[in-house]
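Colleague: Please take a close look at one part of this model with me, and then follow the chain outward from there. I would like a slow, connected account that I can trace on the screen.

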Amino acid sequence: MRDVAVISFAQAKNVRDAGAVNEVEIIMPVVAEAIAQSGLARSEIDFTCSGSSDYLQGAPFAFVMALDGAGAWPPISESHVEMDAAWALYESWVKIQSGHADSALIYGFSKASSGKLREVLNLQLDPYCVAPLGIDSVSLAALQARALLEKSAYSEKDFAEVAVRNRANAKNNPKAQLAGDYSVDEILAEPCLVSPLRKHDCAPISDGASVIVIAAGDIARRVCKRPAWIRGIDHRIEPHSLGARDLTVSASTRLAAEKAGVNQGPIDIAELHAPFTHQELILRDALQLKDDVEINPSGGALAGNPMMTAGLSRIGEAASRIISGQANRGVAHATSGPCLQQNLVCVLEGE
Amino acid sequence: MFQYRPMPAEHEPLHASFTLEYAYTRSTGPVVGRFLTGLRDRRIEGVKTREGRVLVPPAEYDPETGEATEDFVEVGSAGVVQTWSWVAEPLPKHPLQRPFAWALIQLDGADTGFLHAVDAGDESQMSTGMRVRVRWAEETKGFITDIACFEPDSNEARA
């Protein structure tokens, strides 16, 4: 295996509605920032890979337009995933492992404000037995939340505590959309959005983009004082039929964590892509994180959840704390699909 | 650092309504197709895995092992709520335009949860473990929406 590290991370401020600013205009300055910070010239980066969704952008092959924001002249070697860009990072890591590249630029973006996100996410569901029912993303998550409440020791108070901690952590994140001091009692006094979930249990709807640069061995060491080495990365998926799964656990996260070697060393920080509070509890258990692990110092997806890149941002947030020396070994997680259907786990370490 | 700039008022962006559609025609295949045809005839069929688990809705493969599934079996049109969520304010695309529940329902004879809406009237009428029964659409056409929704099983309430 080749040593590969995250050497740079940048993201746009997460906002509810970027207005007339289009995807290219959101991406371009973030790509420029990530490249400048990487110490590599644009022409030195071998491979470019992005994550986005046509359904969010409202046009087929919409990612091609976004390439203008990443810079595609002179011609570049490029690929795209119709997934969170954390999976674009995985593809880039494989590309580097295969010897076809030594460095890569990865970006993800979306403007959920262009549509009705709860309804747009319906389109990722089974087109025969589920999508035609018109079920939305929050209703699906609420089914999982109730199953967890009834089959575990967790309560709605535990959900609220997750919201309070993430939003408080987000006060230190200048790119966060939602940050502040809330109390558990204040949150529990709110009405449910879709019972048993309250608005505070749900990630905000966000527009945004994020960018990571990764590089192999000597290149990473040359340009970065303390690269965040990818010690393990793995992703797993569960059956698409919700009723065939145990929604109260995350079997795919657990397996990915084993394969990525999460518990082969002490973990300082975890950045978990949990768009709903109860999902953070499920993920903590699946990753078998100890009580002293700092979870979501950035505020996580509850502080800002641009679709198709909030997972990549988790890797970036964990990596940037290792690069800065604040943390030594961290785990980052990304999810995709309804009720944590598919999960990616990445272990990062300084040296 | 990049800042989002509000557009000046005299340059308000143009707006137009747009419905995104991908006009694909899908073949439902021998398993899902048979299930949907069954619904047209007001019959719910699942499929058996080699281990003997009954999947509803049916799948062409066992999600646990990846093996092809085998025989079709008819399951009941009533079952038990495994988990549920309550929608106080339905969205335009929801199947009911009054407060209702979404639920995973284990139909009698099935081993998996079947997702659908429950027309229970009030959240206080919902509970995990309650029995619910299919309410068929007036006209059935071979779609999942041939089941209009489920409703609390009144036979149980009387018993």
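Modeller: Let us begin with A:Val345, which, once its neighbours within four places in sequence are left aside, is in contact with A:Gly232, A:Ile233, A:Asp234, A:Thr253, A:Ala256, A:Ala257, A:Ala260, A:Val262, A:Leu287, A:Val331, A:Ala332 and A:His333. Please keep in mind throughout that this is a predicted model. A:Val345 belongs to strand β12 of chain A, which covers residues 342-349, and because its relative accessibility is 0%, A:Val345 counts as buried. One of its contacts, A:Asp234, shows how the fold brings distant stretches of the chain together: A:Val345 and A:Asp234 are 111 residues apart in sequence, but their C-alpha atoms are 5.6 Å apart in space.

From this residue we can step out to the sheet. Strand β12 is part of an open sheet of ten strands in chain A, whose pairing is mixed and whose order is β3-β2-β4-β7-β1-β8-β12-β11-β9-β10. The edges are taken by β3 (77-81) and β10 (294-295) of chain A, and because each has a single partner strand, one side of each is left without a neighbour in the sheet. At the β3 edge, strand β2 (residues 47-51) of chain A runs parallel to β3(A) and is joined to it by five bridges; A:Ser50, for instance, has A:His80 in β3(A) as its bridge partner.

Helix α1 of chain A, made of residues 23-38, packs on this sheet and touches β1 (4-11), β4 (103-111) and β7 (207-216) of chain A, with its direction at about 30° to that of β7(A). The helix α1(A) also packs with helix α3 (residues 62-70) of chain A, at an angle of about 35° and with their axes 7 Å apart, and α1(A) passes α3(A) in a right-handed crossing. In this contact A:Glu23, A:Val24, A:Ile27, A:Met28 and A:Val31 of α1(A) meet A:Met65, A:Ala66, A:Asp68, A:Gly69 and A:Ala70 of α3(A), a set that divides into seven nonpolar, one polar and two charged residues.

Another helix worth tracing is α11 of chain A, residues 277-286, which packs with helix α6 (residues 137-151) of chain A at an angle of about 55°, their axes being 9 Å apart. Because of that angle, α6(A) is oblique to α11(A), and α6(A) passes α11(A) in a left-handed crossing. Here A:Ala141, A:Gln144, A:Ala145 and A:Leu148 in α6(A) meet A:His278, A:Gln279, A:Leu281 and A:Ile282 in α11(A); by class, this contact has five nonpolar, three polar and no charged residues.

Helix α7 (residues 156-169) of chain A packs with α11(A) at about 95°, with their axes 8 Å apart, and α7(A) and α11(A) are therefore roughly perpendicular to each other. A:Asp158, A:Phe159, A:Val162, A:Ala163, A:Arg165 and A:Asn166 of α7(A) make this contact with A:Thr277, A:His278, A:Glu280, A:Leu281 and A:Arg284 of α11(A), which by class gives four nonpolar, three polar and four charged residues.

Finally, look at A:Glu280, which lies in α11(A) and counts as buried because its relative accessibility is 1%. Leaving aside its neighbours within four places in sequence, A:Glu280 is in contact with A:Val162, A:Arg165, A:Asn166, A:Leu272, A:Ala274, A:Ile295 and A:Asn296.

Key: Residues numbered from 1 in each chain as written. Chains lettered and ligands numbered in written order. Predicted model: local features only at pLDDT ≥ 70, side-chain atom pairs only at ≥ 80, totals over all residues. Heavy atoms only, no water. Axes fitted to C-alpha atoms, helices over the stretch in contact; angles between N-to-C directions. Helix = DSSP H or I, 4+ residues; strand = E, 2+ residues; numbered from the N terminus. Parallel < 35°, antiparallel > 145°, perpendicular 65-115°, else oblique. Left-handed = near helix turned anticlockwise from the far one by under 90°. Contact = heavy atoms within 4.5 Å. Nonpolar A, V, L, I, M, F, W, Y, C, P; charged D, E, K, R; others polar. Buried < 20%, exposed > 50% of the residue type's maximum accessible area, 1.4 Å probe, protein only. Pairing = 2+ DSSP bridges.
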